[in-house]
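Dear colleague,

Please find below the structure that I am handing over to you, together with its sequence. My notes on what was found in it follow directly after.

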Amino acid sequence: MISTPSATRRPPLTLIANGQEWNARSLESILAPHGYAVLRAYNGRQAIERTLSARPDLIIIDTDLPDRSGFDVCRAIREHPSISRATPILMTTAGNPSRAKKLEALRAGAWEMLGATLDAEELVLRLDAMISAKLEIDRVKDESLLDEITGLYNLRGLDRRARELGSQAFRAKGALACVVVTPLSSDADIDIANSSVMVRLARVLLQTGRNSDVIGTMSPGEFAIVAQGTDAEGAERLAQRIAVAAAEQFGNESVHVAVGYDAVLDYSESPIDPSDLLSNASAAMRASRTSAVGGQRVSISRFGAILN
């Protein structure tokens, strides 16, 4: 008897990218009866677009798509920072795949190469195992406190650690500041959402911040530093240090930073929730981003200033 995905979980979403209607229907006729939801793509462009919008649990790509090589599509999907490395990608080809094709598929990031002749029972059993592993990795990632790309705290970890620093600042009657940073570029050819830019900016923040600071990501491309014992003047100096370090990191590249911050002098007298402090600094950063002009290396705004 062929196994089926557990009835207690949602149907795994499978993207089938194949320009041949008969081949796509053949795969769907195997998967659909066993609890798999199927989404179709008929060329490489659709495959990439639908992967990014639907985030399927499983992707099956034919090697010969009408507009581009399936290997190139697999590589583009695998290299995109928003697509989990745990997402299984399989490739299909007419006839029996040669060793060269199998190796090319693996180099492109596929987990396996399938030929035209499929054993339906074996295929579903193997896919069930892949999907179970992928969903378990997703669950662990969802519960993690770290951002997968940068290694910094994610929003959950940032919020938890910010509350810990807030409690310490309250007991010590000390200052508490939050600085939010995002990269900008005046060059349309530079993709600031590219993972390498994010990793490099994360490195800048780690080098600039203190060991006692909490550094994390609030959203893709938006970083935050929560600093205990730092007042408004200290936050301003931190922003300037970030600008200098970013200039050294990116050199002559058209990448600069917008910074916003908020700070309280005595957290015990102004017990603002740490999440509100983060939100205020984020609002100041957006105002700073709007006011940025030309190729200036940094644009800085304080939350209190944008209210006046």
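**Helix packing: α1 and α5**

Helices α1 and α5 are roughly perpendicular to each other. Please bear in mind throughout that this is a predicted model. The axes of α1 (residues 21-31) and α5 (residues 120-143) cross at roughly 70 degrees and come within 10 Å; because crossing angles of 65 to 115 degrees count as roughly perpendicular, this pair is therefore described in that way. From α1, the residues Leu-27, Ile-30 and Leu-31 take part in the contact, and they meet Ala-120, Leu-123, Val-124 and Leu-127 of α5. By residue class, this contact of α1 with α5 consists of seven nonpolar residues, with no polar and no charged ones.

Helix α5 also holds Asp-128. Asp-128 has a relative accessibility of 8% and counts as buried. Its side chain makes a polar contact, at 2.4 Å, with the side chain of Tyr-36.

**The chain as a whole**

The chain contains 10 helices and 10 strands. Of its 308 residues, 46% count as buried. The C-alpha trace spans about 70 × 45 × 30 Å along its principal axes. Among contacts with a separation of 6 or more, 67% join residues that are 24 or more positions apart.

**The loop after β1**

Asn-18 sits in the loop between β1 and α1. With a relative accessible area of 3%, Asn-18 is buried. The side chain of Asn-18 reaches the backbone nitrogen of Gln-20 at 2.8 Å. Beyond its neighbours within four places in sequence, Asn-18 is in contact with Asn-23, Ala-24, Ala-41, Tyr-42, Asp-62, Leu-65 and Thr-92.

**Helix α2 and its ends**

Which residues of helix α2 are buried? In this helix (residues 44-54) they are Gly-44, Gln-46, Ala-47, Ile-48 and Thr-51. These buried residues pack against three strands and one helix, namely β1 (13-17), β2 (37-41), β3 (58-62) and α3 (70-79).

Both ends of α2 deserve a note. At the N-terminal end, Asn-43 acts as a cap, with a side-chain oxygen 3.2 Å from the backbone nitrogen of Arg-45. Just after the helix, Arg-55 takes a positive phi of about 50 degrees.

**The nonpolar cores**

The largest nonpolar core has 26 residues, and those that touch the most other members are Val-179, Val-181, Leu-201, Leu-205, Phe-223, Ile-225 and Ile-242. At least two residues of this core come from each of β6 (176-185), α7 (195-208), β8, α8 (232-250) and β9 (255-264). Helix α8 gives the largest share, eight residues.

Phe-223 may serve as a point of entry to the surroundings of this core. Not counting residues up to four places away in sequence, Phe-223 touches Thr-150, Leu-152, Val-179, Val-180, Val-181, Met-198, Leu-201, Ala-202, Leu-205, Gly-216 and Thr-217. Another core, of 19 residues, lies apart from the largest one, and its members include Leu-65, Cys-74, Ile-77 and Ile-83.

**Gly-221 and Ser-195**

Where is Gly-221 placed? Gly-221 lies in the loop between β7 (214-219) and β8 (222-228). Its relative accessible area is 16%, so Gly-221 is buried, given that the cut-off for burial is under 20%. Leaving aside its neighbours within four places in sequence, Gly-221 is in contact with Val-181, Thr-182, Pro-183 and Met-198.

Ser-195 belongs to helix α7. Is Ser-195 buried or partly exposed? With a relative accessible area of 24%, Ser-195 is partly exposed. Ser-195 touches Pro-81 and Ile-149, not counting residues up to four places away in sequence. The C-alpha atoms of Ser-195 and Gly-221 are separated by 9.0 Å, while the two residues stand 26 residues apart along the chain.

With kind regards

Notes: Residues numbered from 1 in each chain as written. Predicted model: local features only at pLDDT ≥ 70, side-chain atom pairs only at ≥ 80, totals over all residues. Heavy atoms only, no water. Axes fitted to C-alpha atoms, helices over the stretch in contact; angles between N-to-C directions. Helix = DSSP H or I, 4+ residues; strand = E, 2+ residues; numbered from the N terminus. Parallel < 35°, antiparallel > 145°, perpendicular 65-115°, else oblique. Contact = heavy atoms within 4.5 Å. Nonpolar A, V, L, I, M, F, W, Y, C, P; charged D, E, K, R; others polar. Buried < 20%, exposed > 50% of the residue type's maximum accessible area, 1.4 Å probe, protein only. Core = buried A, V, L, I, M, F, W, Y, C linked by side-chain atoms within 4.5 Å. Polar contact = N/O pair within 3.5 Å; in protein donor to acceptor, adjacent residues only side chain to side chain.
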